[in-house]
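Hi,

Here is the structure I promised to pass on to you. Have a look at it first, and then read on for what turned up.

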Amino acid sequence: MKMKPVEETIMGVLGIELTEQSAERIVATMPVHAATHQPFGLLHGGASVVLAETVASFGTWHAIDQQNEIAVGLEINANHIRGKKEGVVTAIGTPLHKGRTTMIWDIKIVDEEERLICVSRCTVAIVQKPTE
């Protein structure tokens with residue numbers, strides 16, 4: 001299974017960019033603009049959840065056998081702490097559990113002043129790649 005170009009995914013649509021990647025820490029940014037707004041002009045909670053799951057999935061991907069396994073979201077929760085109208089948010093993900101078939105990630109989304117916007121926990125399943 002080949003990874004799609006980012007611009008052909010929700011990451012491209014929302015403007016998510018990975019800025020730091022390892023099996024122990026993933027950092028990504030996302031602009032707060034029309035594509036990530038809810039109808040009242042604030043950062044949409046769903047966009048924050050997409051950012052959080054992206055961070056958790058890529059973190060898991062860095063820790064698995066990429067030739068034979070893929071990482072897919074299994075469960076996610078999010079608490080939205082503060083609204084944001086414009087600028088950039090940054091998600092920082094660190095693993096809480098690294099198992100053979102699942103990983104659990106803690107993700108904090110902050111603004112430019114490092115104020116907490118959202119906290120999330122995401123469980124990612126590690127599954128065998130389907131045969132193409």
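**The nonpolar core**

The largest nonpolar core holds 27 residues, and those with the most contacts inside it are Met30, Leu51, Val89, Ile107 and Ile109. Two or more residues each come from H1, strand E2 (26-32), H2, strand E4 (87-98), E5 and E6. H2 gives the most to this core, with six residues. Please keep in mind that this is a predicted model.

Leu51 is a good place to begin a tour of the contacts. Leaving out residues up to four places away in sequence, Leu51 touches Ile16, Ala28, Thr29, Met30, Val89, Ala91 and Ile109.

From there you can step across to Ala91, which lies in strand E4. Ala91 counts as buried because its relative accessibility is 0%, and the cut-off for buried is under 20%. With residues up to four places away in sequence again not counted, Ala91 touches Ile26, Val27, Ala28, Leu51, Val55, Ile107, Lys108 and Ile109. If you would like a distance to check in your viewer, Ala91 and Gly41 are 50 residues apart in sequence, and their C-alpha atoms are 20 Å apart in space.

**How the strands pair**

Strand E6 (residues 116-128) pairs with strand E3 (residues 69-80) in the antiparallel sense, over eleven bridges. In that pairing, Asn77 stands opposite Arg121 in E6.

E6 also pairs with strand E5 (residues 102-110), again in the antiparallel sense, here over nine bridges. Ile107 stands opposite Ser120 in E6, and Ile107 is also one of the residues with the most contacts inside the core.

E5 and E6 form a hairpin, with five residues between them. One residue there caught my eye: Glu114, in the loop between E5 and E6. Its phi is near 65 degrees, a positive value in a residue other than glycine. Most residues other than glycine have a negative phi. Is Glu114 buried or exposed? Glu114 counts as exposed, because its relative accessibility is 66% and the cut-off for exposed is over 50%.

**Thr60 in helix H2**

Thr60 is found in helix H2. At 0% relative accessibility, Thr60 counts as buried, since the cut-off is under 20%. Leaving aside neighbours within four places in sequence, Thr60 is in contact with Ala71, Met103, Trp105, Val124 and Ile126.

**The largest pocket**

I expect you will want to look at this part yourself. The largest pocket contains about 610 Å³ of space. It is lined by 20 residues, and the closest to its centre are Met3, Lys4, Ser57, Phe58 and Ala71. Helix H1 (10-14), helix H2 (45-63) and E3 are the elements that give two or more residues to the lining.

Which element gives the most to the lining of the largest pocket? H2 does, with six residues. H2 also gives the most to the largest nonpolar core. Ala71 links two parts of this email: Ala71 is among the residues closest to the pocket centre, and Ala71 is in contact with Thr60.

As for chemistry, the lining of the largest pocket divides into eleven nonpolar, four polar and five charged residues.

Happy exploring, and do write back with any questions.

Best wishes

Key: Residues numbered from 1 in each chain as written. Predicted model: local features only at pLDDT ≥ 70, side-chain atom pairs only at ≥ 80, totals over all residues. Heavy atoms only, no water. Pairing = 2+ DSSP bridges. Helix = DSSP H or I, 4+ residues; strand = E, 2+ residues; numbered from the N terminus. 1 Å grid on protein atoms, 1.4 Å probe; cavity = no way out; pocket = protein on both sides within 12 Å on 5 of 7 lines; lining within 4 Å. Points joined across faces, edges and corners; volume = space filled by probe spheres on them. Nonpolar A, V, L, I, M, F, W, Y, C, P; charged D, E, K, R; others polar. Core = buried A, V, L, I, M, F, W, Y, C linked by side-chain atoms within 4.5 Å. Buried < 20%, exposed > 50% of the residue type's maximum accessible area, 1.4 Å probe, protein only. Contact = heavy atoms within 4.5 Å.
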